[in-house]
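Biologist: I am new to this structure and would like to learn how its features are read. Could you take me through them one at a time?

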Amino acid sequence: MVDTQDQGPYYRISDTKNADLLRERQSATFDVEELTQFMFAGPNNYFNVNIRRQITRQAYAHPIHKTHLPLEYLDSDEHYSVVVRKSLAGVKEAERLNITNKKYRDWFLNIFSGGKFAFFLHTSMFIHTLETLASDEQKEKFLPLARSFQIIGTYAQTELGHGSNLQRLETEAIFDRTTDSFILNMPTLTATKFWPGALGRSSNYVLLMAQLYAPDRHHPCGLQMFFVQIRDLKTHQPLPGVEVGEISTRFSHEAGDNGYLRLTNVRIPRNQMLTKLAYVDQQGSFHRLADPRLLYGAMLTTRVNLCAFFALLLARAVTIAVRYSAVRRQGQTPSGKETLILDYPLQQDKLVPCIASTYAFFYSFMKLENLRAQILDGDIILFDRLAELHAVSSGLKAYSSGIAERFSQICRVACGGHGYLIASGIKPVNNMLDAGCTYEGDNAVLFQQTARFLIKAIQKDDDGGDEMNIGSSIAYLFSAKPAPATIVDLDDYCRLFECRSQMLVKSISNRLMESSSSSSTPHDIFLKNSIELVHVAKSYIETFVLRALYDGVRKALQHNSLALVFEQLFHVFAIHTLRNQAADFIRLKLLTAEQVYQLETYSLPDMYNRLRPNLVTLVDGFDFHDNELNSCLGRYDGQVYEALMERARLNPTNQHKVHPIWTSIKQNAMSKL
């Protein structure tokens with residue numbers, strides 16, 4: 001799986017069958033393949049597009065994809081059956097193709113299953129947590145079973161009553177010296193594990209996060225991870241003491257077999273507590289072996305990867321919306337010619353910021369992934385920078401999912417009524433991004449965690465703490481460099497955002513310090529200022545994203561045909577974000593109201609106009625296969641209306657020329673005559 005077979009583009013311009021879309025592609029000022037290679041190619045690039053193309057072709061070559069109706073036409077049980085069948089077929093096909101690289105294998109399975117791999121949590125969090133938190137002996141025992149799918153597991157942390165507040169999880173693991181085992185219980189209704197993917201009907205094991213008590217119920221030892229069997233491996237029936245099932249239906253079955261779990265007096269051997277960080281001996285004494293912050297490593301890596309996922313989802317939505325806007329005509333000119341809706345400034349004002357933000361999110365993820373690798377992937381984990389990784393990943397997860405969800409809805413509306421169809425491909429994306437605003441950390445909670453990091457950093461500096469690492473994402477908070485009086489170049493935008501973030505952080509820090517002398521508790525003070533703290537965290541993340549995009553612009557300078565386009569995208573993202581936060585820039589005297597007015601009224605539309613010839617090619621650069629988009633509106637060839645009719649005719653309801661209910665009504669009516 002390392003040769004260069006089938007690594008070329010999926011489509012050529014000559015594959016375009018719609019005349020308007022063809023003109024759009026022919027008008028571009030740069031070559032789309034140069035853009036794709038620049039953004040996503042290379043062995044050191046996370047996305048490694050050329051390998052991904054090969055994997056995609058191999059995944060879609062399998063005949064199973066032609067054996068079922070579009071998923072929106074299936075009921076819940078049919079949908080689940082198809083997803084599981086395709087997921088298992090994908091596992092076998094990956095083995096046949098000898099795809100051994102973990103990342104490439106995960107890509108293959110995701111593509112093969114149409115983004116609905118039934119065992120995603122098994123291959124990601126379940127196996128990764130075993131690799132991270134299990135002892136060598138446990139790895140030797142459990143990992144071969146998990147990697148070969150002899151067992152299927154999920155990650156059971158979130159409870160009915162508690163999600164982001166991990167310290168208040170209620171599931172208990174009490175050590176029993178007489179049997180050398182842990183007794184697992186969920187003593188309250190709210191202790192029920194609720195929401196884990198693949199739990200409802202698929203998994204036979206879980207990694208269970210629970211409060212450990214050892215040597216007895218009176219001695220709490222904090223949260224620990226336990227390896228727990230919940231179903232019989234031969235019959236798949238729940239084991240004694242286990243109640244497990246699926247939760248209420250979600251939008252369009254987008255979430256994957258989310259379930260609930262209740263355990264009553266379930267016993268597991270002492271050696272099924274994961275023991276890389278801590279263990280309990282036979283006498284019930286608790287021993288810590290390593291820094292407990294490592295327990296958070298699996299969640300941090302997952303949160304970082306989510307930022308890539310959200311960027312990809314937004315890229316799908318905006319690809320569909322822009323391509324459709326280059327095909328759809330609405331209204332007419334005085335001469336009577338219908339107008340392409342992509343030519344309307346209002347449509348550009350909807351979609352061009354979505355394109356710019358998508359590129360910004362890709363660069364932000366790559367910057368965050370580099371930070372994660374620096375901190376976690378070396379021979380020694382850099383614990384002194386773990387708080388920064390937590391703050392950036394929390395904030396970027398919250399920011400990118402929230403913005404991407406809003407922009408995907410804008411893309412949906414930009415496609416008119418057709419955009420509301422599942423067949424548009426946008427509504428499922430919007431649903432997934434909607435869920436992303438709360439899973440793996442509620443966005444409001446995550447922003448507050450980012451804010452705590454900022455406040456601690458600024459107050460530590462005020463107290464004469466250690467000098468900040470010059471490469472840190474918050475180094476600018478301690479800079480004395482003034483804000484630019486006018487915007488001359490791209491770096492001036494970055495400095496404006498940095499000065500805004502710096503001033504907001506220092507302002508809220510001073511307010512919190514002044515309040516500390518009152519009778520209020522630190523908790524009450526933080527709570528009272530939480531709205532402003534979230535705003536401060538957002539300003540920090542916006543600065544991080546802008547700087548990441550600026551780094552991308554500088555890299556593009558090596559490509560003459562791309563450099564100007566990336567500068568224009570930077571202007572759009574910076575001005576659009578600035579426009580939405582204009583009150584800050586004016587109040588802090590970083591810009592005047594007139595300057596903001598000039599930017600949003602003249603500079604931003606001018607950038608739309610300059611980018612107009614390249615809009616379709618900019619989204620083509622994301623390099624999606626039509627099967628990935630699963631969209632009648634966003635297909636590469638532009639045959640939108642043919643695809644919509646073909647999809648409509650597949651609806652099983654149309655098998656009846658007269659629906660049975662009307663046959664019954666007409667027969668009853670006739671019998672009364």
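**Reading the features**

Modeller: This is a predicted model, and a good place to start is the record: UniProt, in an unreviewed entry, places the feature "domain: Acyl-coenzyme A oxidase N-terminal" at residues 31–152.

Biologist: What is the helix and strand content over residues 31–152, and how far apart are the end C-alpha atoms?

Modeller: Over residues 31–152 the chain is 65% helix and 0% strand, while the C-alpha atoms at the two ends are 45 Å apart.

Biologist: How many disulfides does the count come to?

Modeller: A disulfide is counted where two cysteine sulfur atoms lie within 2.5 Å, and by this rule the count comes to zero. The sulfur of C411 has its closest cysteine sulfur in C354, at 4.1 Å, which is too far for a bond. For C494 the closest cysteine sulfur is that of C499, 11 Å away, and this too is too far for a bond.

Biologist: Are C411 and C494 buried or exposed?

Modeller: Buried means under 20% relative accessible area, so C411, at 0% relative accessibility, counts as buried, and C494, at 1%, counts as buried as well.

Biologist: How should I read a pair of aromatic rings?

Modeller: Such a pair is described by the distance of the centres and the angle of the planes. A search of the whole structure finds 28 aromatic pairs. One of them joins F40 and F47, whose ring centres are 5.5 Å apart and whose planes meet at 85°; because planes over 60 degrees apart count as edge-to-face, this pair is edge-to-face. Both F40 and F47 are buried.

Another edge-to-face pair is formed by F361 and Y399, with 6.1 Å from centre to centre and 85° between the planes.

Biologist: Where in the chain do F361 and Y399 lie?

Modeller: F361 belongs to helix α9 (residues 345–376) and Y399 to helix α10 (residues 386–414), so that the pair, 38 residues apart, links distant parts of the chain. F361 is buried, with a relative accessible area of 2%, and Y399 is buried too, with 7%.

Biologist: Which residues form one aromatic cluster?

Modeller: The cluster consists of F38, F40, Y46, F47, Y359, F362, Y363, F365, F566 and F622, and F40 and F47 from the pair above are thus among its members.

Biologist: Which charged residues sit over the rings of Y46 and Y213?

Modeller: Over the ring of Y46 sits the charged end of K103, 4.5 Å from the ring centre, whereas R217 lies over the face of Y213, at 4.2 Å from the centre of that ring.

Methods. Residues numbered from 1 in each chain as written. Predicted model: local features only at pLDDT ≥ 70, side-chain atom pairs only at ≥ 80, totals over all residues. Heavy atoms only, no water. UniProt positions renumbered as here; feature names shortened; annotations may be inferred. Helix = DSSP H or I, 4+ residues; strand = E, 2+ residues; numbered from the N terminus. Buried < 20%, exposed > 50% of the residue type's maximum accessible area, 1.4 Å probe, protein only. Phe/Tyr/Trp six-rings, centres within 6.5 Å; stacked < 30°, edge-to-face > 60°. Lys NZ or Arg CZ within 6 Å of the ring centre and 35° of its normal.
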